[in-house]
Amino acid sequence: MKTAVIGGGPGGLYFAALAKQLDPTHEITVWERNAHDDTFGFGVVFSDETLGGIEHADPTVFTAMQRDFARWDDIDVHFAGQTFTSGGHSFAALARVRLLQILQERCADLGVVTHFRTAAPSLDELAATHDLVVASDGLNSPVRTRYSEEFGTTLDVRRCKYMWLGTDLVFEAFKFYIEQTPYGVMQIHGYPYGAAGSTFIVEMADDVWRAAGFDAVDASALAPGQNDEAAIATVTELFADVLRGHKVVGNGSKWISFTTVRNARWRKDNIVLIGDAAHTAHFSIGSGTKLAMEDALALAACLHEEGSVDAGLTAYEAERRPVVQSTQRAAQASLEWFENLGQYTHQDPALFAFNILTRSRRVTHGNLRVRDPQFVEEMDRAYARDIGAADVRPPMFQPFTLRGLTLHNRVVVSPMDMYLSIDGVPSDFHLLHLGGKALGGAGLVMTEMVCVSDTGRITLGCTGMYATAHELAWRRIVASVHEQSSAAIGIQLGHSGRKGSTRLMWDGIDQPLVEIEANWPLVAPSALPYQAGVNQIPRELTVEEMGEIRDQFVAAAASADRAGFDLLELHCAHGYLLSSFISPITNQRTDSYGGSLANRLRYPLEVFAAIREVWPVDKPMSVRISATDWIEGGITGADSVQIAQAFADAGADAIDVSTGQIAPEEKPDFGRSYQTPFADAIRNKVGIATIAVGVISSWDDVNSLLLAGRADLCAVGRAHLYDPNWTLHAAIEQDYDGPGAPWPLPWKAGARAPQTGRTDGPKPRLQLAREGAPATGHARWRPGGDNPPSE
């Protein structure tokens, strides 16, 4: 096979070496426009997982790299005059220029032809004369640019500014320095790459960058390879305490805005993208070089295994895309955390350290406990101290108080529609469903959306609170929860709006009722159907009708109080009536209830205020919102902060932060805990308690979100359907037995995990002298020494 590789960086060279190694008959040529010893950046960091792949794929390359590795385990967080160290992370790094030398030598040994200071022939010529063209030509890939439409390229230029620098100060660990400067908060990402120096990346928000005067030099006016010397001098001065007299050096260093590269497709005919040409991930979670070399390994292996270019490229993309997407999701969470760094600097320094370590949601409370138990014990103590708790326990089992209501833990059973009521009356199923979840250990159990009128229902199976029979049935359920468990129970009140008069979920979600005459007329802020041509067109509400519905909410709230509910949540999310007033996608009114965000909030706030008047002062109220519509032109995360502030000013005690479901054309960025950044922003910017919700399925995630200060409560839905005793089982798995996880007395005998299957049982002693205990401590990088664990 004849292969052309455009770009002689680590990805291109490593692919060429691996492909040639797998089949020496391949004719492989690499073109690199720069000199062989040109390099940009300083150090390259690898994970143990990636290094294991490199060792297996090419021991020669791995052995050469290993000789020059700087290795360490620790991450140091320097913040507010304190240093917090977390161990067990296992890093390996080396100088980028040394990595290029190793790969160039390997290519030469294997017979790969390399051309430096040479532009590649035209892409048309290469594609026509070679079986395969590998574009490893970097972030600004000319190949990708030429075929951007075919690749489906998107470039997301972010808000922070950063500069890639080096220093002759050799760090002992990965370093985060968070510094309050005269211009605002700046941060350093630093790590050693050998005995002579460290990578030193300075990053800050755009407004801080401008305040510091760094915009005085136009980066685009600097010649290739030229440093922004004025900026380097200022950085050296600002971080003098960190540098302690050591130098900061540049390498074509200038201010950059990070660009996240995504491509819907990584190939066009026989041309394939790898590395930064195909995708980028923010430097705060790892090295782009690492991803490029993983791409190279996967591409070489798939081509070899499949036996044809077409099949090989198909297999390569199928194998790598899920891995890259996962990495990019984590990187997106990390870069957004740094973009919003200013909202966390009020935190207790220890909790800030935990927050920065778990920012990508890949590293968690449980993960850190495995790596460094002492660090997590310190964090749990800091959390207990910060919230004024009486004792130290897993964060999820700490109590939480809203007005006169104290929950015994911070787990909420999410509102989940059951669609099993008759004429709005909750059934014995609801008694068992909600009662079972209450016995299962959660601090707060929420009803499904309880509708305030028969025409405000989503389906015929939805519960209501608009008749005496409803109040009596709910009173029975509430009394059972209170008598048989330690849980509190909350009611969520709502009106379906334009999303009403539909079938039960399992008969066709969001589809109108089959029998035309059974459908009831819908109302909304504007006459816009949920699905054009499918759902009926709602009638635009008059102001008088809005007052009638407001009064229905008030009557339902009074009934809920008489029924004994502990908390009331107003449903202003998911495209139902109050939510559709807030979103510009669904509210196109021209009166005082439409137009600006303040106007669109007017009616939901009027409803909230009216309910608050009749809801007892010692009982809390929460509001569920959609923090983004996931639709261009709709509600954004920034809007959600204003929405939360408005409800906080009106007397809300907590914001239950969900997203979307406003319209079918939404494009949610779905993933684990994907909605928590919105709860995080609202909590830390508005200062109101938040309930995080959305694919939170493990107790480890709950502990992580709470301790990091991203939420006060975590709502868990589907996991409670899978295991109604999810909270009690979480306590067992964490070896916690205390007031935060009260077992019903008849169940106490089951308060430990049963044996499952055969075990090998106790083992005999087969050693005359027992092996010593494993070493403890934190491995640091100390050039020239044996790098022993620190005390």
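**Exercise 1. In this predicted model, find which backbone oxygen lies 3.0 Å from a polar side-chain atom of N270.**

Solution. Start at the side chain of N270: one of its polar atoms sits 3.0 Å from the backbone oxygen of H130. Now check that against the cut-off: a polar contact needs a pair of N or O atoms within 3.5 Å. Next, widen the view. Skipping the neighbours within four places in sequence, N270 touches A127, H130, D131, L132, V133 and L313. So H130 turns up in that list too, as well as in the 3.0 Å pair.

**Exercise 2. Place N270 in the fold, and decide: buried or exposed?**

Solution. First, the location: N270 belongs to the loop that links β16 (267–268) and β17 (271–273). Then the accessibility. The cut-off for buried is under 20% relative accessible area; N270 has 14%, so it counts as buried. Finally, look along the chain: A128 is 142 residues away from N270 in sequence, yet their C-alpha atoms are 9.2 Å apart.

**Exercise 3. Work out what is unusual about phi at D423 and at D510, and where each residue sits.**

Solution. Begin with the background: most residues other than glycine have a negative phi. Now take D423. Its phi is near 55 degrees, which is positive, and the residue isn't a glycine. You'll find D423 in the loop between β20 (411–413) and α16 (428–439). It's exposed, because its relative accessible area is 59% and the cut-off is over 50%. Then D510: phi is about 65 degrees, again positive in a non-glycine residue. D510 lies in the loop between α18 (505–508) and β23 (523–524).

Note on methods:
Residues numbered from 1 in each chain as written. Predicted model: local features only at pLDDT ≥ 70, side-chain atom pairs only at ≥ 80, totals over all residues. Heavy atoms only, no water. Helix = DSSP H or I, 4+ residues; strand = E, 2+ residues; numbered from the N terminus. Buried < 20%, exposed > 50% of the residue type's maximum accessible area, 1.4 Å probe, protein only. Contact = heavy atoms within 4.5 Å. Polar contact = N/O pair within 3.5 Å; in protein donor to acceptor, adjacent residues only side chain to side chain.
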